[in-house]
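Visitor: I have a structure open and would like to learn how to read it. Where do we begin?

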Amino acid sequence: MHLIDCPWCGPRDEAEFAYRGDATVTRPAPDAGIDAFYDYVFTRANPRGWHVEWWHHAAGCRQHVKVVRHTMTHAIAATGRATDILEVPAA
Amino acid sequence: MTGRAFRIAGGGHIDRSRTVRFRFDGKEHSGHPGDTLASALLAAGVRLVGRSFKYHRPRGIYSAGPEEPNALVEIGTGARRTPNTRMTTAEIHDGLVAESQNRWPSLRFDAMAATSVAARLLPAGFYYKTFMWPASFWEKVYEPMIRRAAGLGRAATEPDPDHYEAAHAHCDVLVVGAGAAGLAAARAAGEAGARVLLAEQDFLLGGGLLLEPAHEAWRGETLAAIIALPNVTVMPRTTVFGYYDHNMLGALERVTDHLATAPDHVPRQRSWTIRAREVVLATGADERLVAFPDNDRPGVMLAGAARAYVARFGVVPGRRVVLFTNNDAAYATADTLLAAGADSATIVDFRPFGTAAAAARARGIEVLPGSEVIGVDGGTSLYAVQVRRRGTWGSTQVPADLLCVSGGYSPAVHLASQARTPLAWDARIAAFVPGEAARQRSAGGARGVFGIGAAAHDGAAAGRAAAIATGCRVGSEFVLPGRNGDADPTVMPCWEIAAPGKAFVDLQNDVTAADIRLARQEGYEHIEHAKRYTTHTMATDQGKIGGLVGAAVLAEARGLPVEQVGIPTYRPYVTPVTWGAVAAHHVGKAFAPIRRTMLHDWHVRNGADFMEAGLWLRPGFYPQKGESPWDSVLREARAVRRAVGICDVSTLGKIDVQGKDAGVFLDRLYMNTFSTLAIGKARYGIMLREDGMVFDDGTTTRLAEDHFFVTTTTANAARVMEHMDLYAQTVWPDLDVQYCSVTDQWASMSIAGPKARSTVARAVAGLDLSNEGLPFMGVADATVAGCPVRVFRISFSGELAYEIATPAGYALAVWEAVLAAGRADGIVPYGVEALGLLRIEKGHVAGSELNGHTTARDLGLDRMAKKRGDFVGRVLAERPGLVDPGRPTFVGIRSVDPKRQVRQGAHLVEPGSFKSLGWVSSVTRSVELGDAWIGLALLTDGKARIGSRLVAAFPLKDEAVEVEIVSPHFIDPENARVRA
Amino acid sequence: MTRYSGLRLLGHALSGHARWPRAWRAPDPKPSYDVVIIGGGGHGLASAYYLAKEHGITNVAVVEKGPIGLGNTGRNTTIVRSNYLFPENNHFYEWSLKLWEGLEQDLNFNVMMSQRGVLNLFHSDSQRAASARRGNSMRLNGIDAELLDREQVKAMVPLLDYDNARFPVFGGLLQRRGGTARHDAVAWGFARAADARGVDIIQHCEVTGIRREGGRVTGVETTRGFIGARKVGIAVAGNTSRVAAMAGLRLPIESHVLQAFVTEGLKPLVDMVVTFGAGHFYISQSDKGGLVFGGGLDGYNSYAQRGSLPTVEHVWAAGVAMMPCLSRLRVLRQWGGVMDMTMDGSPLICRTPVEGLYLNGGWCYGGFKATPGSGWCFAHTIANDAPHRFNAAMTIERFREGRAIDERGAGPYPWAQ
């Protein structure tokens, strides 16, 4: 079970969080058009490796925690607040 | 043999002063505290204890631990019958009832043993090649036959009367296994100051130490030292079964299985979720079998197990002993048995004559070096062993009633492997050992460091290193057993003895060496293919004693070294885990929490019939004496249409939104505009998902310039909050907005009907209820019975209506005050069913229409979209498929014969056609239309079909009901009543 | 191909089974093929088989990075059914079920397709309505379905909790023709039958690149060298994003882990496939006697074939809540599979923007039942460079066009699908 270091609450069990997907996609400008929104909502890099993603601390502080996690080893390299820019390891 | 006791007079870890009585297959036996079912039955002279899976061959006790493949029984009776229980770990207690399994009619005379005769027809994978003709015979004939023959024990069919518990634990160092290595590790880590958990699957701590009288003093002293440490918790009868991410491990504690009478309020078993900073795996090693013909007969036993029965349980499992070994360590078994009074012992050593053989001969033990066992004589018990010199033909018969086998030891790397620790081949012991891993180390036998002294030293070092890794300083030094007594662990690999007959590599699943070779011959040569084709290692023991042997047979057939072929992936669990223990208390009524509104008890007292709405219990209707459900629902709805009713709507989600940008935030979340809403006014809103589908609806009220009150549907309350969190925090973090769920803080009730104003006017103080004072969609604060309330003039039923919200603690006082005020108007409480009826008549959408498949356009709600500005879902709602005029749209239906029921889930088709044009989302009987059946539907070209007739087809009940397509607004399309 | 039969088994018994031939050859890759299928799971092998059988295209290779059939084909809970709501799905799955019904004879391999019935329980009026809508849709499309009330369910599955359930059983939607099959045998049976028609099955050959010239596929780079191909089909569910990325494609897919479990062997206890409606849980009993069961996704992107304990706790609790006698049984093993989760829960069998490159993936957690139908439709799509009507809707473009096939209505949140 993942142990996620919430920037507000400290290390907490995965069971307290709700996963909310890829944090690398950015909502396009309102007038960006269907293709841009299609990419934002539907397409994903889906890497086997480091993945930047949202974990909503639903049973805790209710903040979205940004997490850099490896999708093969489940190791977590970094966690941060929603607006933080986190370093992603090379491999 | 009869007449002489198998139990020896002294020694071991049983309490001879007390007698425990139990039954096996109907016969009463006795044993002592400290016995397992296996040791007690061996003491009683029982040798045949089970039948194998496929051939129903007679089987005896093979091991003395959880690796047992043969000795599985059903323990307990009735609802407590527990199949496939290992005799070798089950502690006996007074009144224990055990029964052999997978045999008919009895263990001794098993009719299914006839399959043994046809064994030649049943090689590995035979079922893939036959049972195909005729096709229909598979389900009718072959499969039922196979299913009856397969399986092991019988499950109980009644609900489990016992209860279970889940618990969490955190520690600096988790030590798994309390043998020499584990005890030393726990003491070292504990004395260094680390918080330590020591988990041991056995009921006694000591592992291999329990077989070593010479080390008993050290065991006692170490245990005492550990128990004295306040920072060390010892958990016996606790099997660590799984190793998960981030050093989290799962464990199962058997709390009461060993007790004749369980204390009240104590769970039968407890599942533990353990988070450890460091883990020491001191799980020891499993002895391996050797594949020779008939290596499965009762009387054949692992050498270490035979020694355990003598040294730990004081039972001599045989008098005339043959020991077949490829290593020095097993020699101790012969000595132990002879010392316990065995008549003879012959050691068949696979290796050339060496120092251990010489020493044994010097002790007067017969040793046959460079020899091998090529078969045994006996059926349900053993009377001789066939031995030959390696490389020769023919064999010698050695009389024996016990054949002890040791093919060497394989470290128990199951947990390490689950944690993806790489495994390396150790040629010295011919086994895999775990390599380096983060925050985890193996110690002692678990990494091939065999012998009490060596393991203890290794364990102490691992315990210390683990403690230091958690920030502790080096603790005390303490005395450890010397390494002098340790046997040389080197083995000469001995996997299979080539001789005619069935040589098993997986005893429980009846997989032979020949099966493995057949798999390879047919192309199933990868270890995972061979495993699946033959079922090797897939039995309940997960191949602990024969897994590597099968791999070695495969390797030899492929001409590869074993380490290149490898072993099948270790999957959780180390040993099988009780289902109920992990489910714990989340079963039965406690499977999910029940949410009740503040008015629940009133509803109960007033005869409500409840219905589930997610986790909520809501009053469905309030039947009066003699009323059918429909009578009640129609009466309640009629009261609302003609007089006044009151309904508990507290379950609706409520969110308080505040901040400078609250209006902007809501504008972006909803397709409507809220920033222009006047203070003191409410507006109905539609929320989309980003893909353009409708997500939720509800009314939002503006209480102040920077303060809004949002309601959601009951079902989506939590999801809407998450949705807000996502957008507020990750998409528009610049907005100045705060919000909070206040669902539980407010109770709310809807008072609806032409006489609603009259009722509410009598109930509330300080409020002008005229259309000028509180117009439709107006909101104002007031009091009811002295309690603060907020009155919303909103309507879901289509009638003049007020929703009164009050801080939850005042709910009952306000509710009863309104009821009292409405008595003169004939007020009636109405439930969710009547509410549904009313909203269907009005043509309001609800959960059945907001099912994630519909767009605002489909539901006729697109006119609510703001003309300018961003909102979630706006762009993707314009995708071509979603604006396709062919999409089903929202309509009403009414049964042409008003008495004919239309059902929810029916499809709308042209008469005689099977092509679905749409589906019926909601139905009810209508009080406005003389109790006629009406409904709402999503229909292709819906608008254009209004006025036409279709069939509501419900082929599941062979029903086809003619319906007329109508407007979804059955009453008051001009919305005059709500403004009355 | 040596035909398998009871008689043949008898014959081989007399020779001690020493002469059974390999089920499929172990060829070296040729320099080029008409079609290369990437992925030796059930879907890839079935695609190759139907290319050969239905379209006469036998110059085909299936390249697999490990041994065949050990991905999701060997990791699922073996359920076969066609009880879908939308016609885009239920026509396809029904065709697949029809292929299942004749598969043993077609492949001459006993895949143990057992039509024991699949029963979906419901626990409220609204769930009943949703089940009815789905069942009626099936019936209108010629698929068997029955709506059972509580008493009928009780007669059929007496071991459910009828007395103390948090969410009482209201009834169930039954598809009698649904059931289970032996998962490994499906991969092996298709491999053997494809091999017999000339298909090269190349194990331990990992694709490392997809070579293109002028927007057209020319072959695949592998750990065993370049293999030329006029057409390339991707059938690597779980890893679709990674392989498709080799051709520059970014897909509406996330990889998620789904766990499955099996108990110790038992005498017959659960006769049919039963699914719980008040929590994500499904169970059946294998012919060997183990209860095979599973639940929902762990719910985070993962390529690791293992899951986490909170999901385990939920799945097991749902099991005991549904069938209280399960409580005393022991669970033997757990494992995880990597699911290609699409943004609507439905699969992809389609052409791609790269000419000559075809995609079969996005099976979410329902790929096993689709195996024959998927192979059949994929073969058709590759052979004709156009989909069959059964898979015409299963395109990548549907998301862009607003034509998602979202049975659950859960939206583009794969972890919630």
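Guide: Begin where chain B meets chain A. Across that interface, 13 residue pairs are in polar contact, with both residues of each pair at pLDDT 80 or more. Keep in mind that this is a predicted model.

Visitor: Which elements of chain B supply at least two residues each to the side that touches chain A?

Guide: Strand E13 (269-281) and helix H19 of chain B each do so. The largest share comes from H19(B), with 8 residues.

Visitor: How do the residues on that side divide into nonpolar, polar and charged?

Guide: The side of chain B that touches chain A has 12 nonpolar, 6 polar and 9 charged residues.

Visitor: How many salt bridges are there between chain B and chain A?

Guide: The count is 5. One to look at joins the side chains of Arg20(A) and Glu722(B), at 3.9 Å from N to O.

Visitor: How do people express the size of an interface?

Guide: Often as the accessible area that is lost when the parts come together. Here, chain B and chain A bury about 2200 Å² between them. Of that area, 58% lies on carbon and sulfur atoms. In chain B, the residues that lose the most area to chain A are His246(B), Gln729(B) and Val875(B). Together they make up 25% of what that side buries.

Visitor: And how many residues of each chain are in contact?

Guide: 27 residues of chain B are in contact with 25 residues of chain A.

Visitor: Now chain C. What do chain C and chain B bury between them?

Guide: About 9900 Å², with 56% of it on carbon and sulfur atoms. Leu140(C), Arg166(C) and Arg328(C) lose the most area on the chain C side, together 10% of what that side buries. The contact takes 122 residues from chain C and 114 from chain B.

Visitor: How many salt bridges and polar contacts go with that?

Guide: Between chain C and chain B the count is 11 salt bridges. In one of these, the side chains of Asp245(B) and Arg306(C) meet at 2.9 Å, N to O. There are also 68 residue pairs in polar contact, both residues at pLDDT 80 or more. The side of chain C that touches chain B has 58 nonpolar, 34 polar and 30 charged residues.

Visitor: What holds the strands of a sheet together?

Guide: Strands pair through backbone hydrogen bonds, either parallel or antiparallel. One case here links two chains. Strand E29 (577-578) of chain B pairs with strand E16 (330-342) of chain C, antiparallel, over 2 bridges. Val577(B) has Val331(C) as its bridge partner in E16(C).

Visitor: How do I read the order of a sheet within one chain?

Guide: Follow the strands from edge to edge. Chain B has an open sheet of 5 strands, in the order E34-E35-E36-E33-E37, with antiparallel pairing. Its edge strands are E34 (682-688) and E37 (738-741) of chain B, and each pairs on one side only. Neighbouring strands are turned by 25° against each other on average, direction ignored.

Visitor: What packs on this sheet?

Guide: Helix H19 (717-731) of chain B, which touches strands E33, E34, E35, E36 and E37 of that chain. Its direction makes about 160° with that of E37(B). You met H19(B) earlier, as the source of 8 residues on the side that touches chain A.

Visitor: How many bridges join E34(B) to E35(B)?

Guide: 7 bridges, and the two strands run antiparallel. To trace one, start at Ala682(B): its bridge partner in E35(B) is Thr701(B).

Definitions and conventions
Residues are numbered from 1 along each chain as its sequence is written. Chains are lettered from A and ligands numbered from 1 in the order in which they are written. This is a predicted model: local features need pLDDT of at least 70, side-chain atom pairs count only at pLDDT 80 or more; totals for chains, interfaces and linings use all residues. Side-chain values use heavy atoms; hydrogens and water are left out. Two strands pair if DSSP finds at least two bridges between them. Helices (H or I, at least four residues) and strands (E, at least two) are DSSP runs, numbered from the N terminus. Axes are lines fitted to C-alpha atoms, for helices over the stretch in contact, and angles run from 0 to 180 degrees between N-to-C directions. Contact means heavy atoms within 4.5 Å. Buried area is the accessible area (1.4 Å probe) that two parts lose on being put together, summed over both. A salt bridge is a side-chain nitrogen of Lys or Arg within 4 Å of a carboxyl oxygen of Asp or Glu. A polar contact is a pair of N or O atoms within 3.5 Å; within protein, one must be able to donate a hydrogen and the other to accept it, and residues adjacent in sequence count only if both atoms are side-chain atoms. Ala, Val, Leu, Ile, Met, Phe, Trp, Tyr, Cys and Pro count as nonpolar, Asp, Glu, Lys and Arg as charged, and the others, Gly among them, as polar.
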